[in-house]
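This briefing concerns the surroundings of a bound ligand and one pair of strands. Please consult the sequence and the structure shown below.

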Amino acid sequence: MVTRAIIVGCGGYLPQRVVANDALGEAFGIETSDAWITERTGIRQRHVAAPEETASSMGLAAARQALERAGLEGAAVDCVIVATATPDSAFPATAVRIQAGLGSHQGFAFDVSAACTGFVYALGLADSLIRTGQARCAVVIGTEVFSRILDWTDRGTCVLFGDGAGAVVLVAGEGRGDATDRGILSTHLHSDGRYGDILLVDGGAGSNGECGKLRMAGKEVFRHAVSKLASVVDEALAANGLAQSDIRWLIPHQANLRIIDAMGKKLGLPKERVVVTVDRHANTSAASIPLALAEAAGKGLIERGDLMVLEGIGGGLTWGAALARF
Ligand code: UT7
């Protein structure tokens, strides 16, 4: 028998304010069109945080929903990991603020910085911590307020992102140690800093008193996304002796519908097995995968025992995939 990190609850939070593509002009003074955004990305609208909302307030709401769905109290949590590129402050970590909000005073909490791949990284860490006995009940959260780091005069980037948070609760359980087990089967993490300048936040991050804005060379990122995501998913399947036909659900990072469709096609999955939220949420960076998972699980679409592939790519460049059985 081996220890596995089993997903027992998923939750999400989206700010109330919704801005549709054709309202962007009036709301933010951008010269764009619904047709341009929809054709290139599949995005139709995004949620935008209210001034008082933060990465920790949204992450806490998502974590509370995930715990409620798991039937667990905050006090049971002994590990909180937050993936975010938009933390409340340099320190304390956003995860520590959420830990306090959950009423969990045991264990430990910390943040992970891996941009849009942050949730996959955080999931990999939680899996390792649970499998090595350092944690028994982990809450893994992706939470972002990208609206605050966008250059609202750059229509090539500001139309692409939205705010929100998603969370999963993982608990230690037993498995046989093969690919039939429930829980996280494996995670596969990559980064290549040679491509650090094609997707970044320029300026500082608090350390020099100046907060930067998001910059992206979209076409280049697109090219990397298609090839790197395909290869990391192959890597994950091979590591578990699984075939594409074993996959029940693709839960991809939600950046662009064309990239998501290309992955679904590559894996031979019908459209109804690919979870898509990018049309309504836009790109919520580290929050997009857990938000998509929470939506599909909340609707009862994903059944116990279903094999899921989670994958994403983001600034760094970072990219990665996780295979998990629900
Ligand atoms: O989350 C991390 C991962 N990120 C991604 O996966 C993003 C990957 N990249 C992409 O999804 C695409 O590259 C974008 C959707 C970002 C951009 O699509 P594109 O086809 O690469 O467009 P482009 O940036 O080359 O721009 C084409 C044209 C330009 O006009 P000209 O120079 O050809 O006259 C832009 O000025 O579209 C113009 N344009 C816009 N027009 C209306 C750029 N943004 C807009 C806009 N509205 N919002």
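**Ligand shell and a parallel strand pair**

An oxygen atom of the ligand is placed 3.0 Å from an N or O atom in the Lys219 side chain. The model is predicted. The points below treat the ligand shell, its polar contacts and the pairing of β4 with β5.

**Composition of the shell**

- The ligand is surrounded by 21 residues, of which Thr32, Arg40, Arg155, Asn256 and Asn283 come nearest.
- By residue class, the shell comprises 11 nonpolar, 7 polar and 3 charged residues.
- At least two shell residues are supplied by each of α2 (34-41), α6 (155-158) and α7 (218-239).
- Helix α7 provides the largest share of the shell, with 4 residues.

**Polar contacts and burial**

- At Gly218, a backbone N or O atom lies 3.0 Å from a nitrogen atom of the ligand.
- The side chain of His253 has an N or O atom 2.9 Å from an oxygen atom of the ligand.
- The protein buries 73% of the 960 Å² that the ligand exposes when taken alone.

**The β4-α4-β5 unit**

- Strands β4 (residues 79-83) and β5 (residues 108-112) pair in the parallel sense, with 5 bridges.
- Within this pair, Val82 stands opposite Asp111 of β5.
- Together with helix α4 (residues 94-102), strands β4 and β5 make a right-handed β-α-β unit.

Definitions and conventions. Residues are numbered from 1 along each chain as its sequence is written. This is a predicted model: local features need pLDDT of at least 70, side-chain atom pairs count only at pLDDT 80 or more; totals for chains, interfaces and linings use all residues. Side-chain values use heavy atoms; hydrogens and water are left out. A residue is near a molecule or strand if one of its heavy atoms lies within 4 Å of it. A polar contact is a pair of N or O atoms within 3.5 Å; within protein, one must be able to donate a hydrogen and the other to accept it, and residues adjacent in sequence count only if both atoms are side-chain atoms. Accessible areas come from the Shrake-Rupley method with a 1.4 Å probe; for residues, only the protein chains shown count as cover. Ala, Val, Leu, Ile, Met, Phe, Trp, Tyr, Cys and Pro count as nonpolar, Asp, Glu, Lys and Arg as charged, and the others, Gly among them, as polar. Two strands pair if DSSP finds at least two bridges between them. A crossover is right-handed if, with the strands pointing away from the viewer, the path from the first strand over the helix to the second runs clockwise.
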